[in-house]
Amino acid sequence: MQVKTSSDIADFAAEWPNMADRAPPAFHVFQARDYLQEWERSIGRARGAKLVFVRVGDERGPLMLFALALERRRGVRVACFPDGGVADYNAPVLFPRAGALSVAEMSAVWRRVGGLLPHFDAALFDKVPESVGGVANPMRLLAQEPYSESGHVLELDGDWEAFAATRLHRPKDSRRKRRRLGELGVLRFVVADSAAERERLLDALIQQKTRRYLETRGVDGFNRPGYRAYFHALTRRFGETGEAHLSGLELNGEMIAAHWGLVAAERFYCLMLSHAHGPWAQYSPGQILVEELIAWCYRAGLSTFDLGIGDAQWKERLDQTRSRLWRAHLAHSFAGKAYIEAARLKRALRASTRPLEREPGLEGRWVA
């Protein structure tokens with residue numbers, strides 16, 4: 001097995017896919033080459049993270065590619081997937097033969113990677129999916145326990161009319177809510193098609209989400225390091241080409257629900273959803289916006305609508321498939337071992353004392 005690392009993704013550019021590329025290889029958008037560039041410039045820079053790019057292969061060619069972020073957390077140097085609260089899935093770019101790796105082979109690969117990385121104390125891999133694009137994820141073989149939440153996916157087979165008739169939750173109720181909103185004025189689904197429209201939608205979403213964060217958590221989630229810069233940077237770079245997708249539900253010219261997501265490899269990532277405060281909230285504008293987005297995906301010829309991480313009730317009501325996620329926390333020093341154990345105890349205490357949180361409606365989700 002051959003393992004190579006570099007601080008410059010350009011060294012592996014010939015094999016590393018961009019967001020607009022099609023499989024193979026199999027990848028989630030959060031490990032696409034051009035996505036990683038923007039993450040590094042925004043969240044990575046704000047967190048003081050340094051990216052290391054890894055290629056694993058053999059004499060027949062590449063098996064997997066992945067970027068790891070090296071950053072400090074409470075004085076401990078950790079290696080993790082680039083995240084900071086924006087990645088729903090953490091997995092390598094996988095070539096078909098990667099799915100055949102055994103536990104022993106993957107363990108050997110990780111020991112080799114660990115030996116090549118700059119000094120770190122612990123590897124913290126959360127939200128690790130079991131497979132990517134039909135290829136078994138060998139990173140899953142390193143995991144010790146399930147992650148606390150799951151991913152949820154809609155496979156878009158057939159056509160929108162059949163989906164709406166057979167797979168939507170309470171379609172009659174949805175039509176009633178649309179009708180009631182229509183009685184209040186002109187209801188319109190909009191997809192941003194200009195830089196100005198994308199900025200308008202993003203500003204509306206941030207305002208709505210900030211209000212909701214403050215109501216439910218007491219702090220503004222957009223104040224996390226690099227968070228605002230990340231959304232603005234990806235919107236500017238990928239909005240024109242369609243990989244960054246902004247949409248909304250407008251009533252009499254006012255945005256009553258908004259969404260920011262990404263599109264890659266025929267997959268739509270439903271990532272950030274919000275709705276405005278007002279009398280129309282009782283008509284579930286977020287739910288209606290999701291339905292419009294699913295219909296849009298059918299028209300665009302996409303094959304998958306990814307509802308993302310989080311076991312919210314509104315996701316469960318759709319005809320979705322639950323994707324189990326895993327956690328692999330691997331010590332690389334005594335300090336790392338102590339950090340991992342303290343984090344485990346903290347999770348156990350939180351789970352025993354915190355009541356089950358449920359998302360009210362379709363405001364979106366808090367990403368830790």
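**Exercise 1. Helices H1 and H6**

Determine at what angle helix H1 (residues 33–47) and H6 pack, and how far apart their axes are.

*Solution.* Begin with the axes, which are lines fitted to C-alpha atoms over the stretch in contact, with angles running from 0 to 180 degrees between N-to-C directions. H1 and H6 pack at about 145°, and their axes lie 8 Å apart. The helices, like the strands below, are DSSP runs numbered from the N terminus (helices H or I, at least four residues; strands E, at least two). The model is a predicted one, in which local features need pLDDT of at least 70 and side-chain atom pairs count only at pLDDT 80 or more, while totals for chains, interfaces and linings use all residues. Residues are numbered from 1 along each chain as its sequence is written, and side-chain values use heavy atoms, with hydrogens and water left out.

Next comes the handedness: H1 and H6 cross in a right-handed sense, the near helix being turned clockwise from the far one by less than a right angle, whereas anticlockwise would be left-handed. The contact (heavy atoms within 4.5 Å) brings together Asp 34, Tyr 35, Gln 37, Glu 38, Trp 39, Arg 41, Ser 42 and Ile 43 of H1 with Tyr 227, Ala 229, Tyr 230, Ala 233, Leu 234, Arg 237 and Phe 238 of H6. Sorted by class, the residues of this contact are nine nonpolar, two polar and four charged, where Ala, Val, Leu, Ile, Met, Phe, Trp, Tyr, Cys and Pro count as nonpolar, Asp, Glu, Lys and Arg as charged, and the others, Gly among them, as polar.

**Exercise 2. Helices H5 and H6**

Decide whether H5 and H6 are roughly parallel or roughly antiparallel to each other.

*Solution.* H5 (residues 195–216) and H6 (residues 227–238) pack at an angle of about 155°, with 11 Å between their axes. Angles under 35 degrees count as roughly parallel, over 145 as roughly antiparallel, 65 to 115 as roughly perpendicular and the rest as oblique; H5 and H6 are therefore roughly antiparallel. H5 passes H6 in a right-handed crossing. On the H5 side the participants are Arg 198, Glu 199, Leu 202, Asp 203, Ile 206, Thr 210 and Tyr 213, and these meet Tyr 227, Arg 228, Phe 231, His 232, Thr 235 and Arg 236 in H6. The residues of the contact of H5 with H6 comprise five nonpolar, three polar and five charged.

**Exercise 3. Helices H4 and H7**

Find how the axes of H4 and H7 are oriented to each other, and which residues make the contact.

*Solution.* The axes of H4 (residues 171–184) and H7 (residues 285–300) come within 10 Å and cross at roughly 110°, and the two helices are therefore roughly perpendicular. H4 contributes Ser 174, Lys 177, Arg 178 and Leu 181, while H7 contributes Gln 287, Ile 288, Glu 291 and Glu 292. By class, the residues of the contact of H4 with H7 are two nonpolar, two polar and four charged.

**Exercise 4. Two side chains that reach a backbone nitrogen**

State which backbone nitrogen the side chain of Asn 137 reaches, and which one the side chain of Asp 58 reaches.

*Solution.* Take Asn 137 first, a residue in the loop between strand E8 (135–136) and strand E9 (145–146). Asn 137 has a relative accessible area of 3% and is therefore buried (under 20%; exposed is over 50%, and partly exposed in between, with a 1.4 Å probe and protein chains only). Its side chain reaches the backbone nitrogen of Met 139 at 3.0 Å. Leaving aside neighbours within four places in sequence, Asn 137 is in contact with Ala 91, Pro 92, Leu 94, Val 128, Pro 129, Glu 130 and Ser 131.

Turn now to Asp 58, which belongs to strand E2 (residues 50–58) and is buried at a relative accessible area of 15%. The side chain of Asp 58 reaches the backbone nitrogen of Arg 60 at 2.9 Å. The Asp 58 side chain also makes a polar contact with the side chain of Arg 97 (2.9 Å); such a contact is a pair of N or O atoms within 3.5 Å, where within protein one must be able to donate a hydrogen and the other to accept it, and residues adjacent in sequence count only if both atoms are side-chain atoms. Beyond neighbours within four places in sequence, the contacts of Asp 58 are Gln 2, Leu 63 and Arg 97.

**Exercise 5. Positive phi outside glycine**

Establish whether Lys 127, which has a positive phi although it is not a glycine, is buried or exposed.

*Solution.* The phi of Lys 127 is about 55°, and the residue lies in strand E6 (residues 122–129). With a relative accessible area of 5%, Lys 127 is buried. Ala 265, also a residue other than glycine, has a positive phi near 50°; it sits in the loop between strand E13 (254–264) and strand E14 (267–275) and, at 23% relative accessibility, counts as partly exposed.
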